[in-house]
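Trainee: I would like to go through this model step by step. Please keep the answers short.

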Amino acid sequence: MSLIKDEDEKRNDYILQKDKTTKGVSTFVIIALIVLVVGVVASGLIFKWF
């Protein structure tokens, strides 16, 4: 089983494919997670939870 498949490979056992959609969605998810972490840290500092 392969984790990432190139666009020109002829395989069916993969999880992610190297294409524009996968790169865009993964970038969006990473940015969203960073924003959430920053929000949690900021709210912790503002409400003096830390």
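Trainee: In which segment does Lys-48 lie?

Mentor: This is a predicted model, so keep that in mind throughout. Helix α1 covers residues 20–46. Lys-48 lies in the segment after α1.

Trainee: What sign does phi of Lys-48 take, and what is its value?

Mentor: Lys-48 is a residue other than glycine, yet its phi is positive. The position is just after α1. Phi of Lys-48 is near 55°.

Trainee: Is Lys-48 buried or exposed?

Mentor: The cut-off for exposed is over 50% relative accessible area. Lys-48 has 71% relative accessibility, so Lys-48 counts as exposed.

Trainee: Where is Trp-49 found, and is Trp-49 buried or exposed?

Mentor: Trp-49 is found in the segment after α1. Its relative accessibility is 61%. Because of that value, Trp-49 counts as exposed.

Trainee: Which residues make the nonpolar surface patch, and what is its area?

Mentor: Trp-49 is one of the members. The others are Val-37, Val-41, Leu-45, Ile-46, Phe-47 and Phe-50. The patch has an area of about 850 Å².

Trainee: How many residues of α1 are buried?

Mentor: Buried means under 20% relative accessible area. The helix has 27 residues and is hardly covered. The count of buried residues in α1 is one.

Trainee: What distance does α1 reach from its first C-alpha to its last?

Mentor: Start with the expected value: at 1.5 Å a residue, it is 39 Å. The helix in the model comes close to that. From first C-alpha to last, α1 reaches 39 Å.

Trainee: Which residues does Thr-22 contact, leaving aside neighbours within four places in sequence?

Mentor: Thr-22 lies in helix α1. At 23% relative accessibility, Thr-22 counts as partly exposed. With those neighbours left aside, Thr-22 is in contact with Leu-16 and Gln-17.

Trainee: Which residues does Leu-3 touch, not counting residues up to four places away in sequence?

Mentor: Leu-3 is found in strand β1, residues 2–5. Leu-3 counts as exposed because its relative accessibility is 53%. On that count of contacts, Leu-3 touches Tyr-14, Ile-15 and Leu-16.

Trainee: What separates the C-alpha atoms of Leu-3 and Gln-17?

Mentor: Along the chain, Leu-3 and Gln-17 are 14 residues apart. In space, their C-alpha atoms are separated by 8.3 Å.

Trainee: Which residues is Ile-4 in contact with, leaving aside neighbours within four places in sequence?

Mentor: Ile-4 is also a strand β1 residue. Its relative accessibility of 42% makes Ile-4 partly exposed. Beyond the excluded neighbours, Ile-4 is in contact with Glu-9, Leu-16 and Lys-18.

Trainee: How far apart in space are Ile-4 and Val-25?

Mentor: In sequence, Ile-4 and Val-25 are 21 residues apart. From C-alpha to C-alpha, the distance is 15 Å.

Trainee: What pattern does the protein chain follow along the sequence?

Mentor: The chain has one helix and two strands. Read along the sequence, the pattern is β-β-α.

Trainee: Why is the chain more spread out than a compact globule?

Mentor: For 50 residues, the globule rule gives 10 Å. The chain lies well over that value, so it is more spread out than a compact globule. Its radius of gyration is 18 Å.

Trainee: What box do the C-alpha atoms fill?

Mentor: Take the principal axes as the frame. Along them, the box is roughly 55 × 20 × 10 Å.

Trainee: What share of the chain's exposed area do carbon and sulfur atoms supply?

Mentor: Of the 50 residues, 6% count as buried. The chain exposes about 4600 Å². Carbon and sulfur atoms supply 69% of that area.

Definitions and conventions
Residues numbered from 1 in each chain as written. Predicted model: local features only at pLDDT ≥ 70, side-chain atom pairs only at ≥ 80, totals over all residues. Heavy atoms only, no water. Patch = residues over 30% accessible without salt bridge, like charges linked within 9 Å, V, L, I, M, F, W, Y side chains within 5 Å. Areas by Shrake-Rupley, 256 points an atom, 1.4 Å probe, with all protein chains shown as cover. Salt bridge = Lys/Arg side-chain N within 4 Å of Asp/Glu carboxyl O. Helix = DSSP H or I, 4+ residues; strand = E, 2+ residues; numbered from the N terminus. Buried < 20%, exposed > 50% of the residue type's maximum accessible area, 1.4 Å probe, protein only. Expected span 1.5 Å × (residues − 1). Rg over C-alpha atoms; globule rule 2.2 N^0.38 Å. Contact = heavy atoms within 4.5 Å.
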